[in-house]
Amino acid sequence: MKKSKNILLAINLVCIATIFALNYVYQSHGFDFTLKCLCSGLFALLGLINLGVALRGGERLPFFLGMAAGLVFAFLGDVLIGYDFIVGAGTFALGHICFVVAYCFLQRMQRLDVLLSGILFLGATAFLLFCPLLTFEVEIFKVVCVVYALIISTMLGKAVGNALRERTAVTVTVAVASALFFFSDLMLVFDWFIGRWSWTDHACMGTYYPALCLLALSMCLQIRFPRKE
């Protein structure tokens, strides 16, 4: 059993290293769409591999199902957002909801999680509504961003709450990944709706893929270090 867990960890690390390398190539070659889909397909595949191992081992299946679904929706969002912002953002939002549900299977939603999520959401909403640098050519884009801010704020707030209550390899990895995801989404807003700085797209993708890789890795860590009930 230990050997199989070591093999799974090795597969995760090799896939993550490959994604990191491809992410560098992707950004240095003008954000080629095919390379983007390849990177995203790899983290979705990694999530499904980890899910398959969890299914065989009878691990905490709701957590793994939620995480794998979130990774797959993130991959689909990467593909779709290039064609339609609203459809792509909606698909990403579904992925984030899956992640939040998965986090709740690690620990139930508690008052601290709601408080942290609320603070993050209020800050994000104030920025979206009142920052003079932001320009939304279509008003519905602002609405989509506010709804999305609620979901990503809940995702980060819940992850941090889990880690504060129970500091394990899984909860800390998920919290770091969620923070990177939040920052990546902020950079996406900078890039799409401010567009003044050339570095924002690199900051977005430079933190986006590490975030998804860490979320996939958390599934492997949950298998390797199962929580004792």
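Of the 229 residues of the protein chain in this predicted model, 50% count as buried. The accessible surface of the chain comes to about 10,900 Å², and carbon and sulfur atoms account for 71% of that area. Among contacts between residues at least 6 apart in sequence, 77% join residues that are at least 24 apart.

The secondary structure consists of eight helices and zero strands, and the pattern read along the sequence is accordingly α-α-α-α-α-α-α-α. The radius of gyration of the protein chain, 17 Å, is close to the 17 Å given by the globule rule for 229 residues, so the chain is as compact as a globular protein of that length. Taken along the principal axes, the C-alpha atoms fill a box of roughly 55 × 45 × 25 Å.

Two of the helices were examined for their span. Helix α1 covers residues 2–28; at 1.5 Å a residue its 27 residues should span 39 Å, and the end C-alpha atoms are indeed 39 Å apart, so expectation and model agree. For helix α7, which comprises the 25 residues 169–193, the expected span is 36 Å, and the separation of 36 Å between its end C-alpha atoms agrees with that value. Each of these helices is followed by a glycine with a positive phi: G30 comes after α1, with phi near 70°, and G195 comes after α7, with phi near 65°.

The buried residues of α1 are K5, L8, L9, N12, C15, I16, I19, L22, N23, Y26 and Q27. An α-helix has 3.6 residues a turn, so residues three or four places apart point the same way. Within this set, the lysine K5 lies in α1 and has a relative accessible area of 17%, which is under the 20% limit and therefore places K5 among the buried residues. When neighbours within four places in sequence are left aside, K5 is in contact with I223, R224 and P226.

A second buried position is found in helix α5, which runs over residues 111–130 and includes S117. With a relative accessibility of 7%, S117 counts as buried because this value falls under 20%. The side chain of S117 reaches the backbone oxygen of D113 at a distance of 2.7 Å. Beyond the neighbours within four places in sequence, S117 is in contact with S153, T154, G157 and K158. By contrast with these contacts, L46 lies 28 Å from S117, C-alpha to C-alpha, at a sequence separation of 71 residues.

The cysteines were considered next, and a search of the whole structure finds zero disulfides. C39 is in no disulfide, and the nearest cysteine sulfur, which belongs to C213, is 8.5 Å away. C39 has a relative accessibility of 0% and therefore counts as buried. C145 is likewise in no disulfide, the nearest cysteine sulfur being that of C131, at 12 Å. The relative accessibility of C145 is 8%, so C145 also counts as buried.

Note on methods
Residues are numbered from 1 along each chain as its sequence is written. This is a predicted model: local features need pLDDT of at least 70, side-chain atom pairs count only at pLDDT 80 or more; totals for chains, interfaces and linings use all residues. Side-chain values use heavy atoms; hydrogens and water are left out. Helices (H or I, at least four residues) and strands (E, at least two) are DSSP runs, numbered from the N terminus. The expected span of a helix is 1.5 Å times one less than its number of residues. Buried means under 20% relative accessible area, exposed over 50%, partly exposed in between (1.4 Å probe, protein chains only). Contact means heavy atoms within 4.5 Å. A polar contact is a pair of N or O atoms within 3.5 Å; within protein, one must be able to donate a hydrogen and the other to accept it, and residues adjacent in sequence count only if both atoms are side-chain atoms. The radius of gyration is taken over C-alpha atoms; the globule rule is 2.2 Å times the number of residues to the power 0.38. Accessible areas come from the Shrake-Rupley method with a 1.4 Å probe; for residues, only the protein chains shown count as cover. A disulfide is a pair of cysteine sulfur atoms within 2.5 Å.
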